[in-house]
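Here are my notes for you to read with the model open in your viewer. Take the points one at a time and find each residue as you go.

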Amino acid sequence: MLPPANFDFHCHSTVSDGLLPPAQVVARAAGLGVSHLALTDHDDIDGLSEAAAAAAPLDLTLINGVEISIEWKGTPIHMVGLGFDRHHAGLLAGLDSVRSGRVERAKRMGEAFAAIGIPGVFEGAMSYAGNPLLISRAHFARHLVASGLFKEPRQVFDHYLVPGKPGYVEHRWASLEDALGWIHAAGGVAVVAHPGRYKISNGDMRRFLSEFKDLGGDAVEVVCGSHSPDHVLHFARLVRHFGLHASRGSDFHGPKESYVDLGCLPQLPEDLKPVWRLLDI
Ligand code: AMP
Ligand code: MN
Ligand code: MN
Ligand code: MN
């Protein structure tokens with residue numbers, strides 16, 4: 001008998017802020033029983049060819065993926081794209097434009113830390129970035145943990161790296177329309193990542209999902225690494241209401257650093273329309 005399908009449509013490699021190279025992410029996923037994996041690095045799809053080569057001899061189907069940083073009414077939101085043509089020029093140019101602001105932002109974050117008496121943070125964070133263009137707050141957190149200031153990245157975020165804290169720098173990301181346009185032009189489907197993590201009111205979440213649906217958005221992560229059972233019930237209700245599909249993804253960044261390992265998630269509620277039905281797999 002075949003093992004049950006196990007879909008994990010959200011995870012990261014060293015191409016963005018994950019701790020393992022793409023081939024090791026794929027090998028780990030296969031070892032944990034994932035049958036269908038999407039590697040979804042932040043704003044970059046450079047890991048997909050290595051991941052595809054690693055998946056080829058394994059009993060694992062690799063789906064092209066990416067997690068695009070956008071903002072909506074000033075709130076940073078993440079949009080996962082799945083199943084697109086990874087050579088599509090419009091998508092590649094769009095991702096290039098999102099990446100281009102990251103180094104500048106990181107330098108400003110370094111200046112903000114220097115201003116409160118913590119020097120060398122930009123250089124320190126950069127030493128953790130496998131890909132300097134994808135310098136992320138996660139790399140700042142790793143550097144500050146390694147320098148002994150905190151035990152865990154989460155504490156660094158709480159004290160320094162979220163809005164209102166001294167290391168946080170406002171940044172202009174892509175718009176919702178842009179990200180949906182790039183993903184759809186490349187033949188992919190668009191999924192709202194980890195909706196339970198955004199600091200917006202219930203009313204704004206409904207307005208966001210309504211706009212997303214009107215612009216042709218496809219799905220929402222209902223089951224994901226950062227969702228509680230209550231989040232799952234809440235977002236299941238919202239996708240039913242808006243007629244959207246549902247996705248499942250761990251958001252794995254690395255052993256010990258992630259809440260949930262690859263594929264180790266509850267199943268989607270049975271009545272929801274799974275996003276994999278929209279993909280040619
Ligand atoms: P950035 O894209 O540079 O704004 O960084 C966002 C990344 O930081 C996310 O993709 C996570 O990997 C990580 N992150 C965000 N919030 C937290 C948190 N509270 N604790 C740990 N990591 C976080
Ligand atoms: Mn990340
Ligand atoms: Mn995210
Ligand atoms: Mn992610």
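1. Let's start with a bit of helix arithmetic: the expected span of a helix is 1.5 Å times one less than its number of residues. Keep in mind that this is a predicted model. Now try the rule on helix α10, which runs over residues 229-242 and has 14 residues. The rule gives an expected span of 20 Å, and the end C-alpha atoms of α10 are 20 Å apart, so the two agree.

2. Stay with α10 for its two sides. Which residues of α10 are buried? They are Val232, Phe235, Ala236, Leu238, Val239 and Phe242. These buried residues cover an arc of only 165° around the axis, which means they sit on the same side of α10. Turn the helix to its other side and you meet Pro229, Asp230, Leu233, Arg237 and His241, which are exposed.

3. Next, the metals, beginning with the manganese ion (ligand 4). Its protein donors are His10 (NE2), His12 (NE2), Glu67 (OE) and Asp251 (OD), at 2.1 to 2.2 Å from the ion. Along the sequence, these donor residues follow the spacing H-x1-H-x54-E-x183-D. Look at two of them: His12 is in the loop between β1 (7-8) and α1 (22-31), while Glu67 is in strand β3 (residues 61-72), so this pair ties together parts lying 55 residues apart in sequence. Are His12 and Glu67 buried or exposed? Both are buried.

4. Move on to the manganese ion (ligand 2), which is 4.6 Å from the manganese ion (ligand 4). Asp17 (OD), Asp17 (OD), His42 (NE2) and His253 (NE2) coordinate the manganese ion (ligand 2), at 2.2 to 2.8 Å. Asp17 shows up twice in that list, so don't take it for a typo. The spacing of the donor residues in sequence is D-x24-H-x210-H. His42 belongs to the loop between β2 (36-39) and α2 (48-55), and His253 to the segment after β7 (245-249); the pair links distant parts of the chain, 211 residues apart. His42 and His253 are both buried.

5. What about the geometry of that second site? The manganese ion (ligand 2) has six donor atoms, with angles of 51 to 154° among them, and its site is irregular. For reference, ideal angles are 90 or 180 degrees for six octahedral donors. There is another neighbour to find too: the manganese ion (ligand 3) is 5.5 Å from the manganese ion (ligand 2).

6. Now for charged side chains. How many salt bridges does the structure hold? There are ten. One of them joins Asp44 and Arg99, at 3.8 Å from N to O. Asp44 is in the loop between β2 and α2 and Arg99 is in helix α3 (residues 89-99), so you are looking at a link between distant parts of the chain, 55 residues apart. Asp44 and Arg99 are both buried. They also belong to a network of salt bridges that includes Asp96.

7. Compare that with the salt bridge between Arg172 and Glu71, where the closest N and O atoms are 3.3 Å apart. Arg172 sits in the loop between α7 (153-161) and α8 (176-185) and Glu71 in strand β3, so the pair ties together parts 101 residues apart in sequence. The two partners have their own surroundings: Arg172 counts as exposed, at 68% relative accessibility, whereas Glu71 is buried, at 16%.

8. A salt bridge can also stay within one helix. Asp204 and Arg207 meet in one at 3.1 Å, N to O. Both lie in helix α9 (residues 202-214), three residues apart, which is about one turn of the helix. Asp204 counts as partly exposed at 24% relative accessibility, and Arg207 is partly exposed at 49%.

9. Last, the cysteines. A disulfide is a covalent bond between the sulfur atoms of two cysteines. A search of the whole structure finds zero of them. For Cys224, the nearest cysteine sulfur is that of Cys11, 13 Å away. Cys224 is buried, at 5% relative accessibility. Why is Cys264 not bonded to Cys11? The sulfur of Cys264 is 12 Å from that of Cys11, its closest cysteine sulfur, and this is too far for a bond. Cys264 counts as partly exposed, at 43% relative accessibility.

How values were computed:
Residues are numbered from 1 along each chain as its sequence is written. Chains are lettered from A and ligands numbered from 1 in the order in which they are written. This is a predicted model: local features need pLDDT of at least 70, side-chain atom pairs count only at pLDDT 80 or more; totals for chains, interfaces and linings use all residues. Side-chain values use heavy atoms; hydrogens and water are left out. Donors are N, O and S atoms within 2.8 Å of the metal (3.2 Å for Na, K and Ca); water is not among the atoms, so sites may look incomplete. Helices (H or I, at least four residues) and strands (E, at least two) are DSSP runs, numbered from the N terminus. Buried means under 20% relative accessible area, exposed over 50%, partly exposed in between (1.4 Å probe, protein chains only). Four donors count as tetrahedral if all angles lie between 85 and 135 degrees; four count as square planar and six as octahedral if opposite donors are over 155 degrees apart and all others between 65 and 115; anything else is irregular. A salt bridge is a side-chain nitrogen of Lys or Arg within 4 Å of a carboxyl oxygen of Asp or Glu. A disulfide is a pair of cysteine sulfur atoms within 2.5 Å. The arc is that of the directions from the helix axis to the C-beta atoms.
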